[in-house]
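User: Please take a close look at the aromatic cluster in this model and at what surrounds it. I would like one connected account rather than a list.

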Amino acid sequence: MKVIGERDRAMAVTAAVALLVLAACTPAPGAAAPASSAPAAQPTVLASTTAPPSPSAEPGTSATVGALVDGFPQKLLPLMPGARVESSSFDKTAAPATIALVGKVSAPKAGVVAFYSKKLESQGFKAVPGDKVGSVSSKDFLRGSNETVNLAVVEASGVSTFTIGANVAPESVK
């Protein structure tokens with residue numbers, strides 16, 4: 001039985017890339033816009049803030065840019081040593097609970113995959129066959145019949161950008 005097909009993998013990677021683009025392009029709430037006289041190549045520093053809940057957001061749902069959101073389940077998805085957080089989100093009210101982490105680290109993508117594979121497998125997740133979608137390193141993990149984690153990694157100039165998305169039982173994040 002094939003648990004996750006190529007189409008599902010492609011959709012997961014597409015979602016991961018979209019999250020990366022959104023994290024990189026969306027200024028944090030309250031962040032000052034760059035001055036119009038600033039050169040285009042000058043980086044903009046974004047403040048780390050927790051997004052205010054939208055009217056439709058459930059209590060317990062949160063996201064932030066530049067830091068781990070309050071209550072982020074670091075035991076389940078630890079931050080790789082040397083990595084910096086680009087964005088994170090956590091919805092503990094959903095069943096399954098949803099967790100997302102986007103980070104960057106000066107390490108080869110194979111090292112990122114190895115780190116998270118070891119961490120997830122030590123918690124009972126099993127790797128699903130397949131290692132990439134197109135040129136993107138992508139690894140799926142399954143625990144039981146309904147807990148999933150997807151890791152997608154792209155590398156450029158010695159820096160790996162990774163996205164981890166997890167759907168797990170609410171008791172897994174307590």
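Analyst: Two aromatic rings count as a pair here if their centres lie within 6.5 Å; planes under 30 degrees apart are called stacked, those over 60 edge-to-face, and the rest tilted. On that basis Phe115, Tyr116 and Phe162 form one aromatic cluster. The model is a predicted one, and its confidence is taken up at the end.

The structure holds two aromatic pairs. In one of them, phenylalanine 115 and tyrosine 116 meet edge-to-face, with 4.8 Å between ring centres and 90° between the planes. Both phenylalanine 115 and tyrosine 116 are buried. Tyrosine 116 also pairs with phenylalanine 162; that pair is tilted, at 5.5 Å centre to centre and 45° between the planes. It links distant parts of the chain, since tyrosine 116 belongs to helix H2 (residues 109-121) and phenylalanine 162 to strand S8 (residues 159-168), 46 residues apart.

How buried are the two partners of this tilted pair? Tyrosine 116 has a relative accessible area of 1%, so it counts as buried. Phenylalanine 162 is buried too, because its relative accessible area is 0%.

The strand that carries phenylalanine 162 is worth following. Seven of the ten residues of S8 are buried, so the strand is largely enclosed by the rest of the structure. S8 has a partner in strand S3 (residues 97-105): the two run antiparallel and are joined by nine bridges. Within that pairing, threonine 98 has asparagine 167 of S8 as its bridge partner. S8 is also joined by nine bridges to strand S7 (residues 147-156), again in the antiparallel sense. Here glutamate 155 stands opposite serine 160 of S8.

S7 and S8 make a hairpin with two residues between them. Serine 157 is found in the loop between these strands. The phi of serine 157 is near 55°, a positive value in a residue other than glycine. Most residues other than glycine have a negative phi, and most peptide bonds are trans. Serine 157 is exposed, because its relative accessible area is 82%.

S3, the other partner of S8, has a hairpin of its own: S2 and S3 form one with five residues between them. These two strands pair in the antiparallel sense over seven bridges, and serine 88 stands opposite leucine 101 of S3. Six of the eight residues of S2 are buried, so S2 is largely enclosed by the rest of the structure. The loop between S2 and S3 contains proline 96, and the peptide bond that joins alanine 95 to proline 96 is cis, with omega at about 10°.

The aromatic residues also take part in a wider nonpolar core. The largest such core has 27 residues, and those with the most contacts inside it include Tyr116 and Phe162, along with Leu77, Met80, Ile99, Ile164 and Val168. The elements that give two or more residues to this core are strand S2 (84-91), S3, H2, S7 and S8. Isoleucine 164 gives a view of one position in it. Leaving aside neighbours within four places in sequence, isoleucine 164 is in contact with Leu77, Ile99, Ala100, Leu101, Tyr116, Val149, Asn150 and Leu151.

For the setting as a whole, the protein chain contains two helices and eight strands, which follow the pattern α-β-β-β-α-β-β-β-β-β along the sequence. Buried residues make up 36% of the 174 residues. Among contacts between residues at least 6 apart in sequence, 48% join residues at least 24 apart. The chain exposes about 9800 Å², of which carbon and sulfur atoms supply 59%.

Confidence is the remaining point. The mean pLDDT of the chain is 74, and 65% of its residues reach 70 or more. Among the elements, strand S4 (residues 126-127) has the highest mean pLDDT, 96, while helix H1 (residues 6-25) has the lowest, 40. Over residues 1-58 the pLDDT is below 50, and this stretch has 52 contacts in the model beyond near neighbours in sequence.

Methods: Residues numbered from 1 in each chain as written. Predicted model: local features only at pLDDT ≥ 70, side-chain atom pairs only at ≥ 80, totals over all residues. Heavy atoms only, no water. Phe/Tyr/Trp six-rings, centres within 6.5 Å; stacked < 30°, edge-to-face > 60°. Buried < 20%, exposed > 50% of the residue type's maximum accessible area, 1.4 Å probe, protein only. Helix = DSSP H or I, 4+ residues; strand = E, 2+ residues; numbered from the N terminus. pLDDT = per-residue confidence, 0-100. Contact = heavy atoms within 4.5 Å. Pairing = 2+ DSSP bridges. Core = buried A, V, L, I, M, F, W, Y, C linked by side-chain atoms within 4.5 Å. Areas by Shrake-Rupley, 256 points an atom, 1.4 Å probe, with all protein chains shown as cover.
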